[in-house]
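Me: I should like to go through the terms used to describe this structure and ask what justifies each of them. Please set the values against the definitions.

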Amino acid sequence: MTGTVVDRDALFDRLSGASRVTQITAPPGSGKTMLLRSWIGEAGLAERAGWVSVQRQERDAQRFWISVIDAVGATAPGSTRVRALTPAPDLDVWALVERLLQDLGTLEDQVWLVIDDLHELRSTEALGQLELLLMRSPPQLRFVLATRHDQRLGLHRLRLEGGLTEIRAADLRFSLAEARVLLDRAGVKLSEAALVQLVQRTEGWAAGLRLAALSLAGHPEPDRFAAEFSGSERTVAEYLLAEVLDRQPESIRRLLLRTSVLEQVNGPLADVLTETVGGERILQDLEEANAFVVSMDARRFWFRYHRLFADLLQLELRRTAPAELPALHTTAAHWYAEHGEPIEAVHHAQAAEQWSVAARLLADHWFGLYLDGRAATAHELLTRFPAGAADTDAELAALMAADEVMQGSLQAAEVYLSAAEREAASVAADRRERLQVRLTLVRLSLSRQRSDLSAVVTETRALMTLADAPDTAQLGVGDQLRALALINLGAAELWSNRLDEAERHLEQGLDLARRTDQPFIEISALGPWR
């Protein structure tokens, strides 16, 4: 190993023991070229490997095939068999490939033909001719194809026959140990925690790690820099802009930038944000092209962007269209809300600083989050609201009060409860019953915490009444509220030594909890008997 080149023994072994055709498919900067050059040197194949680097957007089939013939002819075994060729305007390229097959027919020693940047070959004719060579060449001729995305070369037949070795992006990702070697040889010393963070941020992407090593060399605080390393770091941003984003047509660039506000994206959501159609096909094509787009499910419906690429896209969106950000987040919030994803909806409403929308969304789903044992998630969402936001927002104040009760801060809960009650008249008429449900639940929780049995009975009766209200029925939580009311009433009766009544109400609450498949409520029904 020289400089910062890392010996990747496992990959070297796969290449040395590969089938007749090897295809390495991975995004730019994954280390394809460096891997192959290192392997050729390590395996001692310099005189038996012909190397072709396809020129950018190569459309000249003759020029491509002359480079192939020259590369094979430059190898020791090929030098005595492959006839040299001079460019001419009337060359029959198909006949040229047939002649090459004839020349290699008597090949005795193995020869490797490495074609790098095959994705740049844009000549349909040349690709068809390459497929012919792959299928008809003698077994002594081995192929290694390096490309950013799969090519239409009929490789499925070789795959079925066991004649194809495939190395993909996941195989090329640097492990922690390899990343440590890379940084050590660049003279960079990182703590284990900082190294783990850097590998996670780069997702083991070779170029990302090498660019980080360049930036870290001589840095006075390497651990801090590693923790903050992102796609907006200048060297990474320049690389990703040049190699990925600037190569995309405007329609795809627009999709990438506008959907960068999302943690994950699917076709319908992309269509909404771009106000076009065809987003799903574009995302699938980008994934197939290894353009830093990763599918998240077997159906290839949900996608995410590589972390560093996402950083770059967000930076570019803020630079080129900062005024669009609030509208994009608002649109995403509405889409997620309509598709039953309340947490993501709240996140985006908050990102758009649509605080009242975020409060309504969280209020409508708070009870469900609570029953599903996700109170911590609701608490985290509440912490994102600005200070003082609940002073004039009754629904948000009610949520804050409920959260404070769960945190054990009863005095703070009383303050928020008072604010919610004071501002209740400002709530839209069609939402007031929902607010009263939340206020009653808060008052009930406070009463239980303070062992105020009389107040518990009063609030449970109020909750029973609200459980039958039309708005509650529309939300589909009536039975859950009745179960909670019965359980709390039974608990109060148990504390009052009214055992028969307590048993009846607790059993009724337990039965309702089981019928509505609410384990959380079921456990709370069993609690008073312990």
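Reply: The model is predicted. A suitable starting point is the right-handed β-α-β unit made by β3, helix α5 (residues 124-136) and β4.

Me: Why is the unit of β3, α5 and β4 called right-handed?

Reply: The term applies if, with the strands pointing away from the viewer, the path from the first strand over the helix to the second runs clockwise. The unit of β3, α5 and β4 is assigned as right-handed.

Me: What makes β3 and strand β4 (residues 141-147) a pair?

Reply: Pairing requires at least two bridges between the strands. β3 and β4 have five bridges, in the parallel sense, so they count as paired. One of the partnerships joins W112 to R142 in β4.

Me: Which sense of pairing do strand β2 (residues 49-53) and β3 have?

Reply: β2 and β3 also pair in the parallel sense, over five bridges. Here V52 stands opposite I115 in β3.

Me: Why is strand β3 (residues 111-116) described as mostly covered?

Reply: A residue is buried if its relative accessible area is under 20%. Six of the six residues of β3 are buried, so the description holds. V111, L113 and I115 point one way, while W112, V114 and D116 point the other way. In a regular strand the side chains alternate between the two faces of the sheet.

Me: What makes β6 (265-266) and β7 (293-295) edge strands?

Reply: The three strands of this open sheet are ordered β6-β8-β7, with antiparallel pairing. β6 and β7 each pair on one side only, and they are the edge strands. β6 and strand β8 (residues 302-305) are joined over two bridges in the antiparallel sense; the threshold is at least two, so they count as paired. The bridge partner of V265 in β8 is F303.

Me: How do you know what span to expect for helix α19 (residues 355-371)?

Reply: The expected span is 1.5 Å times one less than the number of residues. For the 17 residues of α19 this expectation is 24 Å, and the helix reaches 24 Å from its first C-alpha to its last. There is nevertheless a kink of about 45° in α19, centred on H365. The buried residues of α19 include L361, L362, W366 and F367. After α19 comes G373, with a positive phi near 75°.

Me: Why is E203 called buried?

Reply: The relative accessible area of E203 is 12%, and the cut-off is under 20%, so E203 qualifies as buried. E203 lies in the loop between α9 (192-202) and α10 (206-216). Its phi is positive, near 55°, in a residue other than glycine. Most residues other than glycine have a negative phi.

Me: Why does R300 count as partly exposed?

Reply: Partly exposed covers the range between the buried limit of 20% and the exposed limit of 50%. R300 has a relative accessibility of 21%, and therefore counts as partly exposed. R300 is found in the loop between β7 and β8, and has a positive phi of about 55° although it is not a glycine.

Me: What makes a residue part of the lining of the largest pocket, and how many residues line it?

Reply: A lining residue has an atom within 4 Å of a pocket point. The largest pocket has 26 lining residues; H119, H149, D285, E288 and A289 lie nearest its centre. Helix α15 (residues 279-288) gives the most to this lining, with four residues. The volume of the largest pocket is about 790 Å³.

Methods. Residues numbered from 1 in each chain as written. Predicted model: local features only at pLDDT ≥ 70, side-chain atom pairs only at ≥ 80, totals over all residues. Heavy atoms only, no water. Buried < 20%, exposed > 50% of the residue type's maximum accessible area, 1.4 Å probe, protein only. Bend = angle between axes of the 7 residues up to and from the residue. 1 Å grid on protein atoms, 1.4 Å probe; cavity = no way out; pocket = protein on both sides within 12 Å on 5 of 7 lines; lining within 4 Å. Points joined across faces, edges and corners; volume = space filled by probe spheres on them.
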